[in-house]
Amino acid sequence: MRPLTTTSYAVLGLLAVRPRSAYDLVRQIKRSNVRLIWPRAESKLYEEPKTLVAHGLASAAVARTGARRRRVYRITPRGRHALRQWLDEPGAALLLEFESMVKVVYGDFGTKEQLLANIRRIRDGTVERASASLPLVQELAEVGPRFPERAHVIAVADRFLVEILQTTLRWAEWAEHVVGE
């Protein structure tokens, strides 16, 4: 049996909100800001519900949507207990995996143009990430939160992500100015 990972608990948390199919789990992660703080391959996300069932933390039942059948996963009482225990454990500190920044660190071994290009890629990628979140912000403004009982927790996490994006943009503008001189 596969051991549980942070991805397992992220999926378990989504099941704690409401039962979902594997497709719905992946779709929810892709449309939320979770993808920014815990990016994982879709194939891994599709595997997790089965792992949770194998551990007794979720159950699976076949449901029909019209003529289509799909497996819907639901958190079990044991799963809720495991999620609460996991939340009590200290998490790992901030860890960045940021290839473009590694290229900046070693930018003195290339040309000034290469360094500037990497800084601009960081800026452009940050703008792209922020832009990808706009539909979520618009939806929130138009229809309100999907899960009002969780709005306060989501707002705290979203604020962190907004601050990271803003800081990265400020840094990129500053770095481009300093290197460009």
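In which sense do β1 and strand β3 pair, and over how many bridges? Select β1 and residues 68-75, which form β3: the two pair in the antiparallel sense, over 2 bridges. Keep in mind that this is a predicted model.

**Stop 1: the sheet**

Show the two bridge positions. Arginine 20 stands opposite tyrosine 73 in β3. Serine 21 stands opposite valine 72 in β3.

Now add β2. The 3 strands make an open sheet, and their order is β1-β3-β2. The pairing is antiparallel. Look at the edges, where β1 (20-21) and β2 (58-65) stand. Each has a single partner strand, so one side of each is left without a neighbour in the sheet.

Zoom in on β2 and β3. These strands run antiparallel and are joined by 8 bridges. Pick alanine 58: its bridge partner in β3 is isoleucine 75. Then go to the hairpin of β2 and β3, which has 2 residues between the strands. Select glycine 66 there; it takes a positive phi near 65°.

**Stop 2: the nonpolar cores**

Select Val11, Leu12, Leu15 and Leu52. The largest nonpolar core has 17 residues, and these four touch the most other members. Which elements supply at least two residues each? Colour α1 (6-17), α2 (22-31), α4 (42-54), β3 and α5 to see them. α1 gives the most, with 5 residues.

Click on leucine 12. Leaving out residues up to four places away in sequence, leucine 12 touches Leu52, Leu57, Ile75, Gly79 and Leu83. Apart from the largest core lies another core, of 6 residues. Val104, Ile119, Ile122 and Ala172 are among them.

**Stop 3: helix α8**

Select residues 151-180. This is helix α8, with 30 residues. From its first C-alpha to its last it reaches 42 Å, close to the 44 Å expected at 1.5 Å a residue.

Which residues of α8 are buried? Show Leu161, Leu165, Thr168, Ala172, Ala175 and Glu176. An α-helix has 3.6 residues a turn, so residues three or four places apart point the same way. Next, add α3 and α7 (112-143): the buried residues of α8 pack against them.

**Stop 4: confidence**

Colour the protein by pLDDT. The average is 92, and 100% of the residues score at least 70. Where is confidence lowest, and where is it highest? Select helix α3 (residues 34-37) for the lowest, at a mean of 84. Then select helix α5 (residues 77-88) for the highest, at 97.

Definitions and conventions
Residues numbered from 1 in each chain as written. Predicted model: local features only at pLDDT ≥ 70, side-chain atom pairs only at ≥ 80, totals over all residues. Heavy atoms only, no water. Pairing = 2+ DSSP bridges. Helix = DSSP H or I, 4+ residues; strand = E, 2+ residues; numbered from the N terminus. pLDDT = per-residue confidence, 0-100. Core = buried A, V, L, I, M, F, W, Y, C linked by side-chain atoms within 4.5 Å. Buried < 20%, exposed > 50% of the residue type's maximum accessible area, 1.4 Å probe, protein only. Contact = heavy atoms within 4.5 Å. Expected span 1.5 Å × (residues − 1).
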